[in-house]
Amino acid sequence: MRVKSVGQWQLRASFAQRLSDMYGREVPAYTTLVDVSREVNADVLRRAGADAERLGSIGRVTAERHGAIRVGTPAEMQQVARIFGALGMHPVGFYDLREAGSSAVPVVSTAFRPIAAEELARNPFRVFTSMLTPADPRFFAPDLRRRLESFLASRELFPPELLDLADLAERDRELSGDDAERFLGLAVGAFELSGEPVDKAWYETLEKVSGVAADIGGVRSTHVNHLTPRVLDIDELYRRMTERGVRMIDAIQGPPRWGGPDLLLRQTSFRALAEPRRMRLPDGTVTSGELRVRFGEVEARGIAPTRAGRARCDALAAEVDRRLAAGPEADRAATERAVWAAGLPPTERGLIADDLAYFTYRLSDDRRDDGRTPPDTVLGLLDSGWIRAEPVVYEDFLPRSAAGIFRSNLSGDGARDDAQEAPHYDSAWLAGAVERHV
Ligand code: OOG
Ligand code: NI
(Lines give C-alpha, C1' and ligand atoms only; values in the text may rest on other atoms or scores of the structure.)
(Ligands and ions follow the chains in the order given, each with its own letter.)
Protein backbone atom coordinates (compact mmCIF):
# COMPACT_ATOMS: atom_id res chain seq x y z
CA MET A 1 0.00 0.00 0.00
CA ARG A 2 1.30 3.44 -0.92
CA VAL A 3 1.50 5.82 2.02
CA LYS A 4 -0.24 9.10 1.28
CA SER A 5 2.27 11.78 0.38
CA VAL A 6 2.26 15.44 1.35
CA GLY A 7 2.90 17.92 -1.46
CA GLN A 8 5.08 20.99 -1.25
CA TRP A 9 2.38 23.59 -0.75
CA GLN A 10 0.73 21.47 1.95
CA LEU A 11 4.08 21.24 3.70
CA ARG A 12 4.32 25.04 3.46
CA ALA A 13 0.81 25.56 4.80
CA SER A 14 1.37 23.11 7.68
CA PHE A 15 4.71 24.66 8.54
CA ALA A 16 3.17 28.16 8.63
CA GLN A 17 0.31 26.96 10.81
CA ARG A 18 2.52 25.08 13.26
CA LEU A 19 4.98 27.95 13.49
CA SER A 20 2.07 30.27 14.24
CA ASP A 21 0.75 27.91 16.96
CA MET A 22 4.21 27.66 18.48
CA TYR A 23 4.80 31.41 18.41
CA GLY A 24 1.38 32.05 19.95
CA ARG A 25 2.39 29.84 22.89
CA GLU A 26 5.74 31.61 23.23
CA VAL A 27 4.49 35.18 22.73
CA PRO A 28 0.83 35.45 23.80
CA ALA A 29 0.58 39.08 22.58
CA TYR A 30 0.97 37.68 19.07
CA THR A 31 -2.30 35.81 19.56
CA THR A 32 -3.97 39.10 20.50
CA LEU A 33 -2.62 40.61 17.30
CA VAL A 34 -4.00 37.72 15.24
CA ASP A 35 -7.40 38.01 16.97
CA VAL A 36 -7.61 41.76 16.44
CA SER A 37 -6.53 41.36 12.79
CA ARG A 38 -9.36 38.86 12.28
CA GLU A 39 -11.89 41.23 13.84
CA VAL A 40 -10.73 44.13 11.70
CA ASN A 41 -10.81 41.99 8.55
CA ALA A 42 -14.36 40.82 9.33
CA ASP A 43 -15.45 44.42 9.86
CA VAL A 44 -13.87 45.59 6.61
CA LEU A 45 -15.57 42.76 4.77
CA ARG A 46 -18.93 43.74 6.25
CA ARG A 47 -18.39 47.40 5.44
CA ALA A 48 -16.86 47.12 1.97
CA GLY A 49 -18.28 43.83 0.65
CA ALA A 50 -16.57 42.44 -2.46
CA ASP A 51 -14.25 45.47 -2.66
CA ALA A 52 -12.55 44.25 0.51
CA GLU A 53 -11.33 41.23 -1.45
CA ARG A 54 -9.81 43.17 -4.31
CA LEU A 55 -6.30 42.44 -3.07
CA GLY A 56 -6.89 38.81 -2.13
CA SER A 57 -9.69 36.54 -0.99
CA ILE A 58 -10.57 36.79 2.68
CA GLY A 59 -9.46 33.15 3.00
CA ARG A 60 -5.99 33.97 1.77
CA VAL A 61 -5.73 37.22 3.72
CA THR A 62 -6.80 35.55 6.97
CA ALA A 63 -4.30 32.72 6.58
CA GLU A 64 -1.54 35.04 5.44
CA ARG A 65 1.61 35.46 7.52
CA HIS A 66 5.18 36.41 7.15
CA GLY A 67 7.88 35.48 9.59
CA ALA A 68 11.29 36.94 10.34
CA ILE A 69 14.40 35.00 11.27
CA ARG A 70 18.05 35.95 11.64
CA VAL A 71 21.16 33.85 11.05
CA GLY A 72 24.87 34.43 11.44
CA THR A 73 26.82 33.04 8.48
CA PRO A 74 26.54 32.34 4.74
CA ALA A 75 26.58 28.61 5.59
CA GLU A 76 23.56 29.04 7.88
CA MET A 77 21.85 31.08 5.19
CA GLN A 78 22.45 28.26 2.71
CA GLN A 79 20.87 25.76 5.13
CA VAL A 80 17.86 28.01 5.60
CA ALA A 81 17.53 28.14 1.79
CA ARG A 82 17.37 24.32 1.70
CA ILE A 83 14.68 24.17 4.40
CA PHE A 84 12.55 26.79 2.67
CA GLY A 85 13.32 25.23 -0.73
CA ALA A 86 11.56 22.13 0.59
CA LEU A 87 8.48 24.29 1.15
CA GLY A 88 8.54 25.82 -2.34
CA MET A 89 9.92 29.12 -1.05
CA HIS A 90 12.69 30.83 -3.02
CA PRO A 91 14.98 33.76 -2.18
CA VAL A 92 13.47 36.92 -3.67
CA GLY A 93 15.19 40.28 -3.47
CA PHE A 94 18.20 41.59 -1.61
CA TYR A 95 18.03 44.17 1.16
CA ASP A 96 21.14 45.84 2.55
CA LEU A 97 20.03 47.17 5.92
CA ARG A 98 23.56 48.32 6.76
CA GLU A 99 22.90 51.24 4.44
CA ALA A 100 19.47 52.24 5.66
CA GLY A 101 20.54 55.68 6.89
CA SER A 102 20.53 56.48 10.56
CA SER A 103 18.70 53.26 11.40
CA ALA A 104 21.38 50.99 9.92
CA VAL A 105 21.74 47.50 11.38
CA PRO A 106 24.59 45.04 10.60
CA VAL A 107 22.62 42.62 8.42
CA VAL A 108 21.85 41.86 4.80
CA SER A 109 18.55 40.16 4.03
CA THR A 110 16.33 38.39 1.55
CA ALA A 111 12.82 36.96 1.69
CA PHE A 112 11.99 33.34 0.96
CA ARG A 113 8.58 33.01 -0.64
CA PRO A 114 6.58 31.22 -3.31
CA ILE A 115 6.87 32.86 -6.74
CA ALA A 116 4.18 31.40 -9.03
CA ALA A 117 0.76 33.07 -8.79
CA GLU A 118 -0.99 29.76 -8.10
CA GLU A 119 1.48 28.91 -5.33
CA LEU A 120 0.96 32.33 -3.72
CA ALA A 121 -2.79 31.75 -3.93
CA ARG A 122 -2.48 28.34 -2.26
CA ASN A 123 -0.38 29.64 0.60
CA PRO A 124 1.72 32.81 0.45
CA PHE A 125 3.86 32.18 3.55
CA ARG A 126 7.16 34.08 3.37
CA VAL A 127 10.08 34.62 5.70
CA PHE A 128 12.22 37.73 5.88
CA THR A 129 15.67 36.29 6.55
CA SER A 130 18.60 38.35 7.70
CA MET A 131 22.26 37.43 7.95
CA LEU A 132 24.70 39.14 10.31
CA THR A 133 27.79 40.76 8.73
CA PRO A 134 30.70 40.21 11.16
CA ALA A 135 33.08 41.09 8.30
CA ASP A 136 31.87 44.70 8.27
CA PRO A 137 34.55 46.65 10.20
CA ARG A 138 32.22 49.61 10.67
CA PHE A 139 30.42 47.47 13.26
CA PHE A 140 32.95 44.84 14.33
CA ALA A 141 36.58 45.47 15.29
CA PRO A 142 39.02 42.74 14.11
CA ASP A 143 39.23 40.98 17.47
CA LEU A 144 35.48 40.92 18.00
CA ARG A 145 34.99 39.72 14.44
CA ARG A 146 37.34 36.77 15.06
CA ARG A 147 35.58 35.79 18.30
CA LEU A 148 32.16 36.15 16.70
CA GLU A 149 33.05 34.14 13.61
CA SER A 150 34.50 31.30 15.64
CA PHE A 151 31.45 31.29 17.94
CA LEU A 152 29.13 31.11 14.92
CA ALA A 153 31.20 28.42 13.21
CA SER A 154 30.94 26.20 16.28
CA ARG A 155 27.14 26.12 16.55
CA GLU A 156 24.63 23.94 14.72
CA LEU A 157 21.23 25.54 14.08
CA PHE A 158 19.72 22.75 12.00
CA PRO A 159 20.14 19.03 12.65
CA PRO A 160 21.50 17.04 9.68
CA GLU A 161 18.31 14.93 9.57
CA LEU A 162 16.25 18.08 8.98
CA LEU A 163 18.50 19.13 6.11
CA ASP A 164 18.42 15.65 4.53
CA LEU A 165 14.63 15.61 4.65
CA ALA A 166 14.57 19.13 3.20
CA ASP A 167 16.70 18.04 0.25
CA LEU A 168 14.42 15.06 -0.30
CA ALA A 169 11.31 17.24 -0.24
CA GLU A 170 12.84 19.75 -2.62
CA ARG A 171 13.86 17.03 -5.06
CA ASP A 172 10.57 15.11 -5.02
CA ARG A 173 8.31 18.11 -4.30
CA GLU A 174 6.62 15.96 -1.68
CA LEU A 175 7.30 13.77 1.33
CA SER A 176 5.69 10.59 2.60
CA GLY A 177 3.29 11.16 5.48
CA ASP A 178 5.82 9.92 8.06
CA ASP A 179 8.69 11.95 6.63
CA ALA A 180 6.49 15.02 6.44
CA GLU A 181 5.59 14.71 10.12
CA ARG A 182 9.25 14.30 11.07
CA PHE A 183 10.39 17.15 8.83
CA LEU A 184 7.75 19.58 10.13
CA GLY A 185 8.49 18.71 13.75
CA LEU A 186 12.23 19.27 13.28
CA ALA A 187 11.73 22.44 11.22
CA VAL A 188 9.40 24.09 13.72
CA GLY A 189 11.66 22.94 16.59
CA ALA A 190 14.64 24.66 14.96
CA PHE A 191 12.87 28.02 15.30
CA GLU A 192 11.68 27.60 18.89
CA LEU A 193 13.24 29.70 21.62
CA SER A 194 15.96 27.62 23.28
CA GLY A 195 16.00 27.09 27.04
CA GLU A 196 19.79 26.87 27.04
CA PRO A 197 21.37 29.55 29.27
CA VAL A 198 22.74 32.62 27.49
CA ASP A 199 26.37 33.57 28.17
CA LYS A 200 25.68 36.95 29.76
CA ALA A 201 29.11 38.55 29.25
CA TRP A 202 29.31 37.51 25.60
CA TYR A 203 25.75 38.68 24.91
CA GLU A 204 26.48 42.07 26.45
CA THR A 205 29.73 42.46 24.51
CA LEU A 206 27.77 42.12 21.27
CA GLU A 207 24.91 44.25 22.54
CA LYS A 208 27.31 47.20 22.73
CA VAL A 209 27.70 46.95 18.95
CA SER A 210 24.04 46.24 18.22
CA GLY A 211 21.10 44.47 19.82
CA VAL A 212 20.68 42.57 16.55
CA ALA A 213 24.26 41.28 16.73
CA ALA A 214 23.58 39.99 20.25
CA ASP A 215 20.27 38.39 19.27
CA ILE A 216 21.95 36.56 16.39
CA GLY A 217 25.50 35.91 17.55
CA GLY A 218 25.04 35.87 21.32
CA VAL A 219 23.18 32.55 21.44
CA ARG A 220 23.75 29.04 20.10
CA SER A 221 20.39 28.66 18.33
CA THR A 222 17.99 30.72 16.23
CA HIS A 223 14.33 31.57 16.81
CA VAL A 224 11.38 33.22 15.14
CA ASN A 225 11.78 36.94 15.71
CA HIS A 226 8.21 37.82 14.80
CA LEU A 227 5.25 36.59 12.82
CA THR A 228 3.09 39.01 10.94
CA PRO A 229 -0.57 38.58 10.06
CA ARG A 230 -2.11 40.56 7.21
CA VAL A 231 -4.84 43.05 7.91
CA LEU A 232 -7.18 44.96 5.61
CA ASP A 233 -7.25 48.21 7.63
CA ILE A 234 -3.97 48.81 9.46
CA ASP A 235 -4.95 52.24 10.84
CA GLU A 236 -7.96 50.67 12.54
CA LEU A 237 -5.82 47.82 13.83
CA TYR A 238 -3.31 50.29 15.29
CA ARG A 239 -6.14 52.06 17.14
CA ARG A 240 -7.64 48.86 18.52
CA MET A 241 -4.33 47.45 19.72
CA THR A 242 -3.56 50.74 21.46
CA GLU A 243 -7.03 50.67 23.05
CA ARG A 244 -6.26 47.22 24.41
CA GLY A 245 -3.20 48.62 26.11
CA VAL A 246 -0.59 47.13 23.76
CA ARG A 247 2.18 49.64 23.22
CA MET A 248 2.74 50.00 19.49
CA ILE A 249 5.78 51.60 17.82
CA ASP A 250 5.33 55.28 17.04
CA ALA A 251 4.18 55.07 13.45
CA ILE A 252 2.94 52.91 10.64
CA GLN A 253 5.89 52.33 8.30
CA GLY A 254 5.66 52.68 4.53
CA PRO A 255 3.26 54.68 2.37
CA PRO A 256 0.58 56.74 4.14
CA ARG A 257 -3.16 56.36 4.00
CA TRP A 258 -3.81 59.07 1.43
CA GLY A 259 -7.18 58.58 -0.23
CA GLY A 260 -5.90 56.83 -3.38
CA PRO A 261 -5.19 53.12 -4.00
CA ASP A 262 -2.91 51.39 -1.50
CA LEU A 263 0.49 50.72 -3.01
CA LEU A 264 3.33 48.54 -1.73
CA LEU A 265 3.21 47.68 1.94
CA ARG A 266 2.30 49.33 5.24
CA GLN A 267 3.55 47.78 8.48
CA THR A 268 3.56 48.42 12.18
CA SER A 269 4.54 46.47 15.27
CA PHE A 270 4.27 46.28 19.01
CA ARG A 271 7.39 46.78 21.03
CA ALA A 272 9.55 43.82 21.89
CA LEU A 273 8.42 42.19 25.12
CA ALA A 274 10.60 41.16 28.03
CA GLU A 275 10.89 37.37 28.02
CA PRO A 276 12.49 35.36 30.82
CA ARG A 277 15.80 33.82 29.72
CA ARG A 278 18.33 31.89 31.74
CA MET A 279 21.76 33.57 31.92
CA ARG A 280 25.14 32.05 32.67
CA LEU A 281 27.46 34.33 34.64
CA PRO A 282 31.26 34.32 34.23
CA ASP A 283 31.64 32.15 37.37
CA GLY A 284 29.38 29.49 35.83
CA THR A 285 26.28 30.10 37.92
CA VAL A 286 22.97 30.29 36.08
CA THR A 287 20.51 33.02 37.02
CA SER A 288 17.26 34.17 35.56
CA GLY A 289 17.22 37.32 33.49
CA GLU A 290 15.17 38.73 30.69
CA LEU A 291 15.70 39.79 27.10
CA ARG A 292 13.65 42.03 24.88
CA VAL A 293 13.98 40.97 21.29
CA ARG A 294 10.79 39.39 20.04
CA PHE A 295 7.81 41.38 18.93
CA GLY A 296 4.66 41.25 16.86
CA GLU A 297 4.10 42.97 13.58
CA VAL A 298 1.14 43.43 11.29
CA GLU A 299 0.92 44.51 7.69
CA ALA A 300 -1.44 45.71 4.98
CA ARG A 301 -0.47 44.87 1.43
CA GLY A 302 -1.19 47.09 -1.56
CA ILE A 303 -0.75 46.99 -5.31
CA ALA A 304 2.65 46.18 -6.82
CA PRO A 305 4.09 49.27 -8.52
CA THR A 306 6.00 49.12 -11.81
CA ARG A 307 9.60 50.33 -11.72
CA ALA A 308 8.37 53.80 -12.58
CA GLY A 309 5.71 53.56 -9.87
CA ARG A 310 8.27 52.43 -7.33
CA ALA A 311 10.61 55.29 -8.24
CA ARG A 312 7.66 57.65 -7.79
CA CYS A 313 6.83 56.23 -4.33
CA ASP A 314 10.48 56.49 -3.25
CA ALA A 315 10.62 60.08 -4.47
CA LEU A 316 7.45 60.93 -2.55
CA ALA A 317 8.86 59.40 0.65
CA ALA A 318 12.03 61.50 0.17
CA GLU A 319 9.89 64.60 -0.38
CA VAL A 320 8.03 63.92 2.89
CA ASP A 321 11.40 63.63 4.67
CA ARG A 322 12.55 66.94 3.17
CA ARG A 323 9.41 68.77 4.23
CA LEU A 324 9.45 67.35 7.74
CA ALA A 325 13.15 68.21 8.13
CA ALA A 326 12.49 71.76 6.94
CA GLY A 327 9.44 72.19 9.19
CA PRO A 328 9.68 69.76 12.10
CA GLU A 329 6.48 71.16 13.62
CA ALA A 330 4.45 70.02 10.58
CA ASP A 331 1.93 67.23 11.09
CA ARG A 332 3.46 64.05 9.66
CA ALA A 333 0.23 62.40 8.54
CA ALA A 334 -1.10 65.56 6.89
CA THR A 335 2.22 66.19 5.12
CA GLU A 336 2.27 62.61 3.84
CA ARG A 337 -1.30 62.84 2.59
CA ALA A 338 -0.64 66.09 0.77
CA VAL A 339 2.59 64.89 -0.86
CA TRP A 340 1.06 61.59 -2.00
CA ALA A 341 -2.12 63.18 -3.28
CA ALA A 342 -0.08 65.67 -5.30
CA GLY A 343 2.23 62.99 -6.68
CA LEU A 344 0.00 60.08 -7.69
CA PRO A 345 -3.26 59.60 -9.58
CA PRO A 346 -6.11 58.93 -7.13
CA THR A 347 -7.60 55.90 -8.92
CA GLU A 348 -6.55 52.50 -10.23
CA ARG A 349 -7.48 53.70 -13.69
CA GLY A 350 -5.04 56.58 -13.26
CA LEU A 351 -2.27 54.19 -12.20
CA ILE A 352 -2.95 52.14 -15.32
CA ALA A 353 -2.98 55.23 -17.58
CA ASP A 354 0.42 56.34 -16.24
CA ASP A 355 1.83 52.79 -16.17
CA LEU A 356 2.59 53.03 -12.48
CA ALA A 357 1.27 49.69 -11.18
CA TYR A 358 0.74 46.09 -12.27
CA PHE A 359 -2.66 44.62 -13.06
CA THR A 360 -3.91 41.38 -14.54
CA TYR A 361 -6.33 42.04 -17.39
CA ARG A 362 -9.12 39.59 -18.08
CA LEU A 363 -11.80 39.49 -20.74
CA SER A 364 -15.18 40.41 -19.29
CA ASP A 365 -17.68 37.56 -19.49
CA ASP A 366 -20.65 39.84 -19.97
CA ARG A 367 -19.37 42.11 -22.75
CA ARG A 368 -21.29 41.11 -25.87
CA ASP A 369 -19.83 41.65 -29.31
CA ASP A 370 -21.88 44.45 -30.84
CA GLY A 371 -20.24 44.30 -34.24
CA ARG A 372 -17.99 47.26 -33.61
CA THR A 373 -14.23 46.89 -33.61
CA PRO A 374 -12.88 46.89 -30.03
CA PRO A 375 -10.55 49.76 -29.12
CA ASP A 376 -6.85 49.04 -29.48
CA THR A 377 -5.58 50.38 -26.18
CA VAL A 378 -5.78 48.87 -22.71
CA LEU A 379 -7.54 51.95 -21.38
CA GLY A 380 -9.98 51.92 -24.30
CA LEU A 381 -10.79 48.24 -23.71
CA LEU A 382 -11.20 48.91 -20.01
CA ASP A 383 -13.43 51.93 -20.45
CA SER A 384 -15.68 50.16 -22.93
CA GLY A 385 -16.02 47.14 -20.68
CA TRP A 386 -14.17 44.55 -22.79
CA ILE A 387 -11.68 43.80 -20.07
CA ARG A 388 -11.41 44.05 -16.29
CA ALA A 389 -8.25 44.97 -14.39
CA GLU A 390 -7.32 43.08 -11.23
CA PRO A 391 -4.49 44.54 -9.14
CA VAL A 392 -1.34 42.47 -8.64
CA VAL A 393 -0.45 42.41 -4.94
CA TYR A 394 3.00 43.54 -3.77
CA GLU A 395 4.57 40.38 -2.32
CA ASP A 396 7.90 41.75 -1.06
CA PHE A 397 9.31 44.05 1.62
CA LEU A 398 10.63 47.60 1.89
CA PRO A 399 14.22 48.14 3.08
CA ARG A 400 13.35 51.39 4.79
CA SER A 401 10.44 49.90 6.70
CA ALA A 402 12.46 46.80 7.53
CA ALA A 403 15.27 48.91 9.01
CA GLY A 404 12.67 51.00 10.85
CA ILE A 405 11.07 47.88 12.33
CA PHE A 406 14.45 46.50 13.40
CA ARG A 407 15.43 49.83 14.81
CA SER A 408 12.29 50.66 16.72
CA ASN A 409 12.75 47.46 18.67
CA LEU A 410 16.35 47.94 19.71
CA SER A 411 17.10 49.50 23.05
CA GLY A 412 20.50 51.14 22.55
CA ASP A 413 21.72 52.94 19.45
CA GLY A 414 24.65 50.61 18.97
CA ALA A 415 27.81 51.85 17.34
CA ARG A 416 29.01 52.26 13.75
CA ASP A 417 32.45 53.55 12.79
CA ASP A 418 31.91 55.18 9.40
CA ALA A 419 35.63 55.80 8.93
CA GLN A 420 35.99 52.10 8.07
CA GLU A 421 35.39 50.75 4.57
CA ALA A 422 32.27 48.63 4.11
CA PRO A 423 32.55 45.23 2.42
CA HIS A 424 30.18 44.93 -0.54
CA TYR A 425 27.24 42.52 -0.59
CA ASP A 426 24.63 42.28 -3.33
CA SER A 427 22.14 39.82 -4.77
CA ALA A 428 24.85 38.10 -6.86
CA TRP A 429 26.82 37.52 -3.66
CA LEU A 430 23.70 36.12 -2.00
CA ALA A 431 22.99 33.84 -4.97
CA GLY A 432 26.49 32.40 -4.60
CA ALA A 433 26.10 31.93 -0.86
CA VAL A 434 22.80 30.07 -1.08
CA GLU A 435 23.67 28.37 -4.40
CA ARG A 436 20.36 29.45 -5.87
CA HIS A 437 19.03 32.04 -8.24
CA VAL A 438 17.85 35.12 -6.36
C1 OOG B 1 13.21 41.76 10.31
C2 OOG B 1 12.67 43.16 10.18
C3 OOG B 1 12.05 43.39 8.82
C4 OOG B 1 9.74 43.42 7.78
O5 OOG B 1 8.59 42.98 7.79
O6 OOG B 1 10.08 44.40 7.08
C7 OOG B 1 10.71 42.78 8.67
C8 OOG B 1 13.69 41.41 11.69
O9 OOG B 1 13.38 42.11 12.65
O10 OOG B 1 14.38 40.37 11.79
O11 OOG B 1 10.35 41.80 9.23
NI1 NI C 1 8.35 41.61 9.40
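These legends walk through several close-up views of a predicted model.

**View 1. Three side chains hold the nickel ion.**
Start at the nickel ion (ligand 2), where the protein donors are His66 (NE2), His226 (NE2) and Glu297 (OE). These donors lie 2.0 to 2.2 Å from the ion. Along the chain, they follow the spacing H-x159-H-x70-E. Two of the donors make a nice example of how a fold links distant parts of the chain: His66 belongs to strand 2 (residues 65-71), while His226 belongs to strand 8 (residues 226-229), 160 residues apart. Are His66 and His226 buried or exposed? Both are buried.

**View 2. Ligand 1 and the residues around it.**
Now have a look at ligand 1. Its surroundings are made up of His66, Ala68, Arg70, Phe128, Asn225, His226, Gln267, Phe295, Glu297, Phe397, Ala402 and Phe406. You may recognise His66, His226 and Glu297, the protein donors of the nickel ion. Which elements give two or more residues to the shell around ligand 1? They are strand 2, strand 10 (286-301) and helix 16 (399-408). Strand 2 gives the most, with 3 residues.

**View 3. Polar atoms beside ligand 1, and how the protein covers it.**
Zoom in on the oxygen atoms of ligand 1. A polar side-chain atom of His226 sits 2.8 Å from one oxygen atom of the ligand. Gln267 also has a polar side-chain atom 2.8 Å from an oxygen atom of ligand 1. For Glu297, the distance from a polar side-chain atom to an oxygen atom of ligand 1 is 3.0 Å. How much of the accessible area that ligand 1 has on its own does the protein cover? The answer is 100% of the 320 Å². The space that ligand 1 takes up is the largest cavity.

**View 4. Thr129, a buried residue in a strand.**
Here we move to strand 5 (residues 126-132), the home of Thr129. Is Thr129 buried or exposed? Thr129 counts as buried because its relative accessible area is 0%, and the cut-off for buried is under 20%. Its side chain reaches the backbone oxygen of Val127 at 3.2 Å.

**View 5. Two loop residues with a positive phi.**
This view pairs Arg173 with Leu264. Arg173 is not a glycine, yet its phi is positive, near 60°. You'll find Arg173 in the loop between helix 7 (160-172) and strand 6 (174-176). Leu264 isn't a glycine either, and its phi is positive too, at about 55°. Leu264 is in the loop between helix 11 (234-243) and strand 9 (265-280). Which of the words "buried" and "exposed" fits each residue? Arg173 is exposed, with a relative accessible area of 59%, whereas Leu264 is buried, at 3% relative accessibility.

**View 6. Arg46 and Asp43 make a polar contact.**
Arg46 is part of helix 2 (residues 28-48). Why does Arg46 count as exposed? Its relative accessible area is 65%, and exposed means over 50%. The side chains of Arg46 and Asp43 are joined by a polar contact of 2.9 Å. Asn409 is a long way along the chain from Arg46, 363 residues apart, and their C-alpha atoms are separated by 34 Å.

**View 7. Glu435, in the segment after helix 17.**
Glu435 comes in the segment after helix 17 (427-434). This residue is exposed, with a relative accessible area of 61%. Which side chain does the side chain of Glu435 join in a polar contact of 3.3 Å? Its partner is Gln78. From Glu435 to Ala357, the C-alpha atoms are 32 Å apart in space, and the two residues are 78 apart in sequence.

**View 8. Two partly exposed helix residues.**
Let's finish with Thr205 and Asp321. Thr205 lies in helix 9 (residues 200-209), and Asp321 lies in helix 12 (residues 307-326). Thr205 is partly exposed because its relative accessibility is 26%, which falls between the 20% and 50% cut-offs. Asp321 is also partly exposed, at 30%. Thr205 and Gly218 are 13 residues apart in sequence, with 8.7 Å between their C-alpha atoms. Asp321 and Arg257 are 64 residues apart along the chain, and their C-alpha atoms are separated by 16 Å.

Technical notes:
Residues are numbered from 1 along each chain as its sequence is written. Chains are lettered from A and ligands numbered from 1 in the order in which they are written. This is a predicted model: local features need pLDDT of at least 70, side-chain atom pairs count only at pLDDT 80 or more; totals for chains, interfaces and linings use all residues. Side-chain values use heavy atoms; hydrogens and water are left out. Donors are N, O and S atoms within 2.8 Å of the metal (3.2 Å for Na, K and Ca); water is not among the atoms, so sites may look incomplete. Helices (H or I, at least four residues) and strands (E, at least two) are DSSP runs, numbered from the N terminus. Buried means under 20% relative accessible area, exposed over 50%, partly exposed in between (1.4 Å probe, protein chains only). A residue is near a molecule or strand if one of its heavy atoms lies within 4 Å of it. A polar contact is a pair of N or O atoms within 3.5 Å; within protein, one must be able to donate a hydrogen and the other to accept it, and residues adjacent in sequence count only if both atoms are side-chain atoms. Accessible areas come from the Shrake-Rupley method with a 1.4 Å probe; for residues, only the protein chains shown count as cover. On a 1 Å grid over the protein atoms alone, a cavity is a set of points where a 1.4 Å probe fits but cannot get out, and a pocket is an open set with protein on both sides within 12 Å along at least five of seven lines; lining residues have an atom within 4 Å of a point. A molecule sits in a cavity or pocket if more than half of its atoms lie within 2 Å of its grid points.
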